[in-house]
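Colleague: Got a minute? I'd like to go through this model with you.
Modeller: Sure. Put it up and ask away.

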Amino acid sequence: MADPKGFLKHGREVASRRDVAERVQDWDEVYPDGIGRALLPIITTQAGRCMDCGIPFCHQGCPLGNIIPEWNDLVWRDDWDGAMDRLHATNNFPEFTGRLCPAPCETACVLGINQDPVTIKNVEVSIIDRAWGSGYVRPQPPEWLSGKTVAVIGSGPAGLAAAQQLTRAGHTVAVYERADKIGGLMRYGIPEFKMEKKHLDRRLDQMRREGTVFRAGVDVGGDLTGDQLLGRYDAVVLAMGATAARDLPATGRELGGIHQAMEFLPQANRTSLGEEVEGQILATGKDVVIIGGGDTGADCLGTSTRQGARSITQLEIMPRPGEDRPSGQPWPTYPMTFKVSSAHEEGGDRMYAVSTQEFVGDADGNVASLRLVEVDAKFQPVEGTEREIPAQLVLLAMGFVGPEKEGLIDQLGVDLDERGNVRRDESYAASVPGVYVAGDVGRGQSLIVWAIAEGRSAAAAVDAYLTGSTTLPAPIKPHERPLVV
Ligand SMILES: Cc1cc2nc3c(=O)[nH]c(=O)nc-3n(C[C@H](O)[C@H](O)[C@H](O)COP(=O)(O)OP(=O)(O)OC[C@H]3O[C@@H](n4cnc5c(N)ncnc54)[C@H](O)[C@@H]3O)c2cc1C
Ligand code: SF4
């Protein structure tokens, strides 16, 4: 057990972010010298708040089943290598989740019943950042090769987790990605200020040294057909994400200056790292309206702030959540509460319970303003609440409706489920033999932690398919959603 009286002596403390005035001038992570370093002075004490509750609900809260109390204890005892081994046993990429996970483990923490929960996510990122810094994280190439080949389509967290597990199990794995660089949404969706790409590149380097082969710039279904893929490989893992964005078919949608978030963010990610993008969509000097109140919307907000927007308004059709758990979402479930991301700290206005009625254009055919109306609990317009706000740039961040069907999915002829995602059975197998499914392409729009958990589980199923048995861990079943009400 960590410090037996830690939770009695110490309150919850998190790392301080850099001053807003300073950090909006650059694209670096919002913590000074990286979050791992920022946490060093406090993290041992914070890990010591874990009270060895006996039935650690945080395990259930974490889709990866991270063995949280064990690594809290090891950190408190200053055994950082031991903590790293425990963490890597369940999570291939703690540097991603430690920065980007919404930490459902913390809302399930037993200490959280009547006190502030343990800072689990911070302990996680401290362990991995320290391990990278000390050289403890090294490639783990397989000791023997099975002679079996696997193609992984898509290089987001699901594809990467599946690829790393299968490579280490001795299979020859190629990861195909249609973008010019590997990483999925972690490369071109999530901005640098949330996770610097150097963390991704360092992990990819480890994977290359273990033997995983990466093929970027290959659109599977176009450059390489489904038949060619099945002919060349013993097994295929579809990890193509849910990249079809939800649109807003309001009057004026065709006007210039209205873009999907995933048209805007990838360009900003490129330019923030020194690339040039011709005709870049820019928020500079504009009144920006972001439609959608989730993670993607917050990323558009932080990006627009850094580009020097004149004003930024984020619209959300749902009512403003409360500060406390709603009664229908009791501990240890993951509650819908009001959240303030680093981007929200930096500025912008948020409007809740509003719906867009129309985009209004100027003489040149570009959007100039947006007409909105307040809505009631049934999303019906409230009479007399219509108003118009200026908008020369509108970003649609309303989520994703599933994977793109044209191309590979059509060519393979895999069955889809009722939500339009690729159907899989309890072993992550698609309806076509030898084809497996992991991450958002099967689950629908989700989170990095789920994608890694599914990638690990699908890898176990592929290993069993190729060799008849497996010792790879399978943390989660395809349809499981523990502690989500
Ligand atoms: C802007 C944004 C911010 C987010 N922020 C967070 C966050 O802070 N925390 C969090 O937990 N989650 C976040 N998410 C969600 C998270 O990124 C996803 O749930 C996760 O990346 C899904 O992983 P995946 O591996 O299933 O797919 P993806 O990461 O979507 O990767 C799929 C890859 O497959 C490639 N691909 C598709 N079709 C083909 C093809 N035919 N041939 C070759 N390649 C193909 C795509 O180009 C893509 O790179 C965010 C999502 C967005 C859009
Ligand atoms: S991956 Fe997410 S849920 Fe799991 S321990 Fe880390 S922060 Fe918590």
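Colleague: Which atom of ligand 1 lies 3.0 Å from a backbone N or O atom of Leu185?
Modeller: An oxygen atom of ligand 1. Keep in mind that this is a predicted model.

Colleague: How much of ligand 1's own accessible area does the protein cover?
Modeller: The protein covers 95% of it. On its own, ligand 1 has 1,000 Å² of accessible area.

Colleague: What does the backbone of Val220 do there?
Modeller: A polar backbone atom of Val220 sits 2.8 Å from a nitrogen atom of ligand 1.

Colleague: And Asp440, which ligand atom does its backbone pair with?
Modeller: An oxygen atom of ligand 1. The polar backbone atom of Asp440 is 2.9 Å away from that oxygen.

Colleague: How many residues surround ligand 1?
Modeller: The count is 32. The closest are Leu100, Glu177, Lys194, Val220 and Asp440.

Colleague: How does that shell split by class?
Modeller: There are 16 nonpolar residues, nine polar and seven charged.

Colleague: Which helix gives the most to the shell?
Modeller: H15 does, with three residues. Helix H15 spans 295-307. Helix H10 (157-168), strand S2 (172-177) and helix H19 (448-467) each supply at least two residues as well.

Colleague: Where does the ligand lie in terms of domains?
Modeller: Ligand 1 lies between domain 2 and domain 3, because both give residues to its shell. Domain 2 covers 149-243 + 401-467, and domain 3 covers 247-398.

Colleague: Switching to packing. How many residues are in the largest nonpolar core?
Modeller: That core has 81 residues. Ile127, Val150, Leu160 and Val237 have the most contacts inside it. H19 contributes the largest share of this core, 12 residues.

Colleague: Why is the core placed between two domains?
Modeller: Domain 1 (6-134) and domain 2 (149-243 + 401-467) both give residues to this core, so it lies between them.

Colleague: Back to H10. Is Gln164 buried or exposed?
Modeller: Gln164 is buried, at 0% relative accessible area. This residue is in helix H10.

Colleague: What does its side chain touch?
Modeller: The Gln164 side chain makes a polar contact with the side chain of Asn92, at 2.9 Å.

Colleague: And His171, where is that?
Modeller: In the loop between H10 and S2. His171 counts as buried because its relative accessibility is 2%, under the 20% cut-off. Its side chain makes a polar contact with the side chain of Ser146 at 2.6 Å.

Colleague: Now backbone oddities. Which residues does the cis peptide bond join?
Modeller: Trp331 and Pro332, with omega at about 5°. Pro332 is in the loop between strand S8 (311-315) and helix H16 (342-345).

Colleague: Why flag a cis bond or a positive phi at all?
Modeller: Because most peptide bonds are trans, and most residues other than glycine have a negative phi.

Colleague: OK, what is the phi of Asp52?
Modeller: About 50°, so positive, and Asp52 is not a glycine. Asp52 is in the loop between helix H3 (35-47) and helix H4 (57-61). The residue is partly exposed, at 44% relative accessible area.

Colleague: What about Asp78, where is that one?
Modeller: In the loop between helix H5 (68-76) and helix H6 (80-88). Its phi is near 70°, again a positive value in a residue other than glycine.

Colleague: Is Asp78 buried or exposed?
Modeller: Exposed, because its relative accessible area is 54% and the cut-off is over 50%.

Colleague: Last topic, pairs distant in sequence. How far apart in space are Ala245 and Met398?
Modeller: 7.6 Å, C-alpha to C-alpha, with their positions 153 residues apart in sequence. Ala245 lies in strand S5 (residues 244-245). Ala245 is partly exposed, at 28% relative accessible area.

Colleague: And what separates the C-alpha atoms of Pro433 and Ala235?
Modeller: They are 8.5 Å apart in space and 198 residues apart along the chain. Pro433 is in the loop between helix H17 (408-412) and strand S15 (435-437). Pro433 is exposed, with a relative accessible area of 71%.

Key: Residues numbered from 1 in each chain as written. Chains lettered and ligands numbered in written order. Predicted model: local features only at pLDDT ≥ 70, side-chain atom pairs only at ≥ 80, totals over all residues. Heavy atoms only, no water. Near = heavy atom within 4 Å. Polar contact = N/O pair within 3.5 Å; in protein donor to acceptor, adjacent residues only side chain to side chain. Areas by Shrake-Rupley, 256 points an atom, 1.4 Å probe, with all protein chains shown as cover. Helix = DSSP H or I, 4+ residues; strand = E, 2+ residues; numbered from the N terminus. Nonpolar A, V, L, I, M, F, W, Y, C, P; charged D, E, K, R; others polar. Domains from an automatic or database assignment. Core = buried A, V, L, I, M, F, W, Y, C linked by side-chain atoms within 4.5 Å. Buried < 20%, exposed > 50% of the residue type's maximum accessible area, 1.4 Å probe, protein only.
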